[in-house]
Amino acid sequence: MLIIPAPVLASAQGNPSISVFLPEDRVSPGDETTLSFSILNAGEISVGGGASAEARVTTARDVKLTLFPGEAPIQVLTGTVPIGNVAEGESDPVPVKISVNENAAPGTYSLPVEIEYVYTFIIATGDVDSPGHYQRTKTVTQNVNLIVEPQPSFEIDQITLGPVLDGYGPLDIVLSNDGSETATAATITLTSESSQLTFSGAHGSQSVSAFVGDIPSGGSQSIQFEAQLAKGSMGIVHPVSLSISYTDEFGETQQSKSIKSGVSPVSDSGRFSVISNPTNLSLDQAADISFTINNDGEDAIFDARVFIQSTDPKLSFGGSHTAEYVVGNWPSSASKIVSFKSSLAEDSNVRPYPVIVEVIYKSSNNSDRTSYPVTVGVTPLGEQSFSITDVSTKLSVGSEGDLSATLVNDGPQSVENAVIVFTSDLQTISSLEEEYAVGSLSTGDSKSFKFSLDVSESADEGQRQISLSIRYRDSDGKSHVSDPIDVILTVSPELDVFEVSPVSSTFSPGGNGLLVLQVTNVDDETLTDISAKVFPESPITAGDDTAFIPKLSAGESTEIVFDISLSPAALDKIYPLDLDFQYDTNSGETLLSDTYQVPVEVDSATNGGQSAISTFLLPVGILIVIVAGGVYFYRRRQNSQVEK
């Protein structure tokens, strides 16, 4: 219930009532279309007022529409659509562009549509000069249906031209319907996009049609046209396009999308055939292209030379677009393997590159001949790539740690003399060694590696990114460097080197004695020449504020003592005492620890103003310090004499 405080009176109260509709709700697989949504506002008035006030409370303002795909096989290409104000009635169409998946299954799908808007739900007037408006923001989600209609989908399974004799030959097409609907009363239109290929049955036209009837879903049709080739056009690929008109289930005529293809003529007098053309050529490495060519003729040939030509400027053979290989005598029905060193331009990609193959030879009657050209596609392998897996780090601020991981050769080539190179723009993380030699790696092989890293004290904890590159040689001995591979490191907060806990730390007001502390090395290396120093503040004073530990192995503990006194004015409570350590690491670096705080407890009940254990330990502690210091300096003197 809405309560309006007096003297405010409601002059109008109400709200918009929003509904969304999709009048044109049918699409087909593969469509890229625009859906037009209608928004209907059936405003509701709960307290009547003037026409202007009622229009205000029933108007949806700042309306925005967002379409979501839900479970439908579509992609929404338009984001949130701003609509503006929608008064009572129906809005203008709201366009949203979508793309329907090529393999979308026919059926009815529910699309969530979200409508967000602002409205004034009440207009209240305290007096005629001070109107009050109260507004709300509302979001409405409504589902609309989208129907994906069944449709044929056509593919060219096979297209051949030949054998060609005297410029004429059959062009055969096998067309399949991979869609979900039968194409009824289909007519196929074939168009040549090459001026050198025409259709004789159509009086030299570059377009020809044929009625093929019904093509059921999952079925196929074979169609043949008579083609004519211009002189000298046997050795090229001729581009063609195919379209199909048909009748759908509603009796309406539909036109398919154009299907692009290409056809290479085959001569009935062709003597040679290319059986295979394997290659190790990749986008970033030169390699051999091999052609296996068969002599299909009935006679042997002599003085044969295989001539190849690249028709794409990106593919070359030793810097030239042509190359030749001497074969010599060539028996009938025999195959020859010829190889050519090849390379690709830097901006090439993985696709077939056309190469024309011809054989120049002498026939059995010693006449010079040149075979009909055969065009084959040479498809390179992809760029050499690597990946880094099993990344493990143990790093913390102000200490050294390791990066361990595994390098994987993802191919497509084997590599030799591989070296992992550490690179980083970070000033706070460095590697003690910038390279790690891996050696040779076949495709799919992997090797583990490790870098020792140093994290400075100014580093921040958290995730940091470094890069690793792979320097290697290919099968020809040529050096390459891979693209950088990013690796995420996790840096933990700075770790304490020592753990300090009190052994005897209770004193009476005005008392004195030995403060006994246990020190544990929690680092992962042995530390030496450890000097401990306390920094007392009132009411604590220290007659002896330093202690010395010659050596402390990782995980080892020992006790240190300090002679301290408490002021008679000290209260019964716990006072903090600051303590730090200066020490040497295995690498010979002298470091200063963070400041530690140890508790010193004041208790009036302590015996005689001095703890019994302090009274006992004072001479013992002094004796331990004297003995330890004497041993330490004796060893140093002995080591000095040995070095001399």
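**Buried polar residues, pockets and helix α1**

In the predicted model, S28 is located in the loop that runs between β3 (26-27) and β4 (32-41). Although it belongs to a loop, S28 is buried, its relative accessible area being 11%, below the 20% under which a residue is counted as buried. Beyond its neighbours within four places in sequence, S28 has contacts with V100, E149 and Q151. With Q151 there is also a polar contact, made between the two side chains at 3.0 Å.

S28 and Q151 appear again in the description of the second largest pocket. Together with P29, P152 and Y246, they are the residues nearest the centre of this pocket, out of 31 that line it. The volume of the second largest pocket is about 610 Å³. Strands β13 (154-164) and β20 (253-255) each contribute at least two residues to its lining. Sorted by class, the lining of the second largest pocket consists of ten nonpolar, eleven polar and ten charged residues.

The largest pocket encloses about 900 Å³ of space. Its lining comprises 32 residues, and those nearest the centre are G398, S399, E400, D523 and E525. At least two lining residues come from each of β32 (385-396), β33 (400-411), β37 (446-455) and β49 (590-592). In the lining of the largest pocket, twelve residues are charged, ten are polar and ten are nonpolar.

A second buried polar residue is N295, which is part of strand β24 (residues 287-295). The relative accessible area of N295 is 0%. The N295 side chain makes a polar contact with the backbone of P331, reaching the oxygen at 3.2 Å.

Helix α1 spans residues 51-58, and its buried residues include A53, V57 and T58. These three lie on the same side of α1, because the arc they cover around the axis is only 125°. An α-helix has 3.6 residues a turn, so residues three or four places apart point the same way. The other side of α1 carries A51 and S52, both of which are exposed. For these two residues, the term exposed refers to a relative accessible area over 50%.

Key: Residues numbered from 1 in each chain as written. Predicted model: local features only at pLDDT ≥ 70, side-chain atom pairs only at ≥ 80, totals over all residues. Heavy atoms only, no water. Buried < 20%, exposed > 50% of the residue type's maximum accessible area, 1.4 Å probe, protein only. Helix = DSSP H or I, 4+ residues; strand = E, 2+ residues; numbered from the N terminus. Arc of directions from axis to C-beta. Polar contact = N/O pair within 3.5 Å; in protein donor to acceptor, adjacent residues only side chain to side chain. Contact = heavy atoms within 4.5 Å. 1 Å grid on protein atoms, 1.4 Å probe; cavity = no way out; pocket = protein on both sides within 12 Å on 5 of 7 lines; lining within 4 Å. Points joined across faces, edges and corners; volume = space filled by probe spheres on them. Nonpolar A, V, L, I, M, F, W, Y, C, P; charged D, E, K, R; others polar.
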